[in-house]
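This report describes the fold of a protein chain, beginning with its overall make-up and ending with individual side chains.

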Amino acid sequence: VSDAAKADLIVLSTVYEQTASILTDVIGPKIKNQNKMILDMTNPFMKRPDGYGGGLPKDGPQAGILVHKQLLNDPTISWVGAYKHVLWTLILPEGPKNPSRPDIEVFGDERAVNAVVELIYRHGWRPIVRGNLEVAPDYEGGKVSFGKIFGNMGREITKGEKLSVGW
């Protein structure tokens, strides 16, 4: 945790349900008001048999990254979401496991987006910037929907996007 707190870019790649306590109790106090960037790779999925996957609170933000930003409540932090549709086992040093599908969706605050876009290029992938944090509910994982499926298919047909692993 102390190494993460010293970093300029902190990566959240834990199980979504574990992230809130990590942010508020473990790392949050160590990074308060320090202008950090946080790459949120977590996804609030539907209920699973193992007890995980409670999803998002009905009365709160409808994206995990927005829930985390609200929990941390630190205006000096720049947030970015990326790699949310890629299985962690497919993020390899030599690039995408399937090189014909190299695209990674990125959204968030400009400073953090710029840093993560460079990181994605260095990993051998191709970033597709979707916008700021307001678009997070449209591009973050969670419930599979016809809108997401057909939206991805439409962008693949019309814009040539090849999302690495997505619905």
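Two residues are in contact when heavy atoms of theirs lie within 4.5 Å. By that criterion, among contacts between residues at least 6 apart in sequence, 72% join residues at least 24 apart in the protein chain. The model is a predicted one. The protein chain has 167 residues, of which 41% are buried. Its secondary structure amounts to 6 helices and 7 strands, and along the sequence these elements follow the pattern α-β-α-β-α-β-β-β-β-α-β-α-α.

**The sheet**

An open sheet is built from 5 strands in the order S1-S2-S3-S6-S7, with mixed pairing. Because strand S1 (9–12) and S7 stand at the edges with a single partner strand each, one side of each has no neighbour in the sheet. Direction ignored, neighbouring strands are turned against each other by 25 degrees on average.

Strand S6 (residues 103–108) and S7 run parallel and are joined by 5 bridges. One of the residue pairings places Glu105 opposite Ile128 of S7 as its bridge partner. The connection from S6 to S7 passes through H4, and this β-α-β crossover is right-handed.

**Helices on the sheet**

Helix H2 (residues 16–31) lies across S1, strand S2 (37–40) and S3, and runs at about 165 degrees to S1. H3 also packs on the sheet, where it touches S1, S2, S3 and S6. The direction of H3 makes about 160 degrees with that of S3.

The buried residues of H3 are Gly64, Ile65, Val67, His68 and Leu72. They lie on the same side of H3, because they cover an arc of only 160 degrees around the axis. An α-helix has 3.6 residues a turn, so residues three or four places apart point the same way. The cover over the buried residues of H3 includes S1, H2, S2, S3, S6 and helix H5 (136–139). Just after H3, Asn73 adopts a positive phi of about 50 degrees.

**Selected buried side chains**

Three buried residues are set out below with their relative accessible areas.

| Residue | Relative accessible area |
|---|---|
| His68 | 1% |
| Tyr83 | 3% |
| Trp125 | 3% |

His68 belongs to helix H3 (residues 64–72). It counts as buried because its relative accessibility, 1%, falls under the 20% limit. Which residues does His68 contact, leaving aside its neighbours within four places in sequence? They are Leu12, Tyr16, Thr19, Leu23, Asp40, Thr42 and Trp79.

A search of the whole structure yields 1 aromatic pair. Tyr83 and Trp125 form this pair, with 6.3 Å from centre to centre and 85 degrees between the planes. The arrangement is edge-to-face because the angle between planes is over 60 degrees. The pair links distant parts of the chain, its members being 42 residues apart. Tyr83 sits in the loop between strand S3 (78–82) and strand S4 (91–92), while Trp125 sits in the loop between helix H4 (110–122) and strand S7 (126–131). Tyr83 is buried at a relative accessible area of 3%, and Trp125 is likewise buried at 3%.

Methods
Residues numbered from 1 in each chain as written. Predicted model: local features only at pLDDT ≥ 70, side-chain atom pairs only at ≥ 80, totals over all residues. Heavy atoms only, no water. Phe/Tyr/Trp six-rings, centres within 6.5 Å; stacked < 30°, edge-to-face > 60°. Helix = DSSP H or I, 4+ residues; strand = E, 2+ residues; numbered from the N terminus. Buried < 20%, exposed > 50% of the residue type's maximum accessible area, 1.4 Å probe, protein only. Pairing = 2+ DSSP bridges. Axes fitted to C-alpha atoms, helices over the stretch in contact; angles between N-to-C directions. Right-handed = clockwise from strand over helix to strand, strands pointing away. Arc of directions from axis to C-beta.
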